[in-house]
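User: I'm new to this one and would like a close look at a single part of it, the side-chain links in the later stretch of the chain. Could you walk me through them, starting with a bit of background on the whole chain?

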Amino acid sequence: MSQNQNSDALSRHQFLRQLGMQGAALLAVYCAGQSLTACSKSSDVTPDPLTSAITVDLTSSANSALKTVGGYIVTNNVVVANTAKGYVAVTVVCSHEGKKKVQLRNGEFYCPEHGARYDLTGKGLNSEGSHGLTVYTVTQSGNVLTIS
């Protein structure tokens, strides 16, 4: 090998280092256009607080799901459910990853994203739901529910 060829050759260390930098740059470019949603610590997930009371008219066709036990609606980032124990309202924001997917299923609150489960008081029923849900006060006056 001539002297010229040696000066152009990369050492194994230089090659791997350069490859790592290029890979990191490609990952950064790719991720810039993506929404990264790796599991966050539950303590970092906080639901939007209610800035004012929410009212739900039970006679409105938009809220007809609340006429039967097991039915629920989502309004203003709040899940309002008709349960065997009465009306219950919780945040739609799952404490596991902050996804707005909480729903009522089989008499408990559930997030289909990773299977977090919560009882009707907001207490977590499995490891994904271990940090619980924010529960709101529901009062009923005639055909109007007020969530605060």
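Analyst: Let's start with contacts across the chain. Among contacts in the protein chain with a separation of 6 or more, 40% are between residues 24 or more positions apart. Keep in mind that this is a predicted model. The protein chain has two helices and 10 strands, and going from the N terminus the order is α-α-β-β-β-β-β-β-β-β-β-β. Of the 148 residues in the protein chain, 30% are buried. The accessible surface of the protein chain is about 9,500 Å², with 51% of that belonging to carbon and sulfur atoms.

Now for the close look. Threonine 91 belongs to strand E4, which covers residues 86-91. Is threonine 91 buried or exposed? Its relative accessibility is 2%, so threonine 91 counts as buried, the cut-off being under 20%. A polar atom of the threonine 91 side chain lies 3.1 Å from the backbone nitrogen of valine 93.

Moving along, we get to the salt bridges, and the count comes to two. One of them joins lysine 101 and glutamate 113, with the closest N and O atoms 2.5 Å apart. This pair links distant parts of the chain, the two residues being 12 residues apart. Lysine 101 is in the loop between E4 and strand E5 (103-105), while glutamate 113 is in the loop between strand E6 (108-111) and strand E7 (116-118). How covered up are these two? Lysine 101 has a relative accessible area of 39%, so it is partly exposed. Glutamate 113 is partly exposed as well, because its relative accessible area is 28%.

There is also a salt bridge between arginine 117 and glutamate 108, where the closest N and O atoms are 2.5 Å apart. Here the partners fall into separate classes: arginine 117, at 29% relative accessibility, counts as partly exposed, whereas glutamate 108, at 14%, counts as buried. The reason is the cut-off: buried means under 20%, and partly exposed runs from there up to 50%.

Charge also meets a ring in this part. The charged end of arginine 105 sits over the ring of tyrosine 110, 3.6 Å from the ring's centre. And what about rings paired with other rings? A search of the whole structure turns up zero aromatic pairs.

To pull it together, this part has lysine 101 bridged to glutamate 113, arginine 117 bridged to glutamate 108, and arginine 105 placed over tyrosine 110.

Key. Residues are numbered from 1 along each chain as its sequence is written. This is a predicted model: local features need pLDDT of at least 70, side-chain atom pairs count only at pLDDT 80 or more; totals for chains, interfaces and linings use all residues. Side-chain values use heavy atoms; hydrogens and water are left out. Helices (H or I, at least four residues) and strands (E, at least two) are DSSP runs, numbered from the N terminus. Buried means under 20% relative accessible area, exposed over 50%, partly exposed in between (1.4 Å probe, protein chains only). A polar contact is a pair of N or O atoms within 3.5 Å; within protein, one must be able to donate a hydrogen and the other to accept it, and residues adjacent in sequence count only if both atoms are side-chain atoms. A salt bridge is a side-chain nitrogen of Lys or Arg within 4 Å of a carboxyl oxygen of Asp or Glu. Rings of Phe, Tyr and Trp (its six-membered ring) pair if their centres lie within 6.5 Å; planes under 30 degrees apart count as stacked, over 60 as edge-to-face and the rest as tilted. A charge sits over a ring if NZ of Lys or CZ of Arg is within 6 Å of the ring centre and within 35 degrees of the ring normal. Contact means heavy atoms within 4.5 Å. Accessible areas come from the Shrake-Rupley method with a 1.4 Å probe; for residues, only the protein chains shown count as cover.
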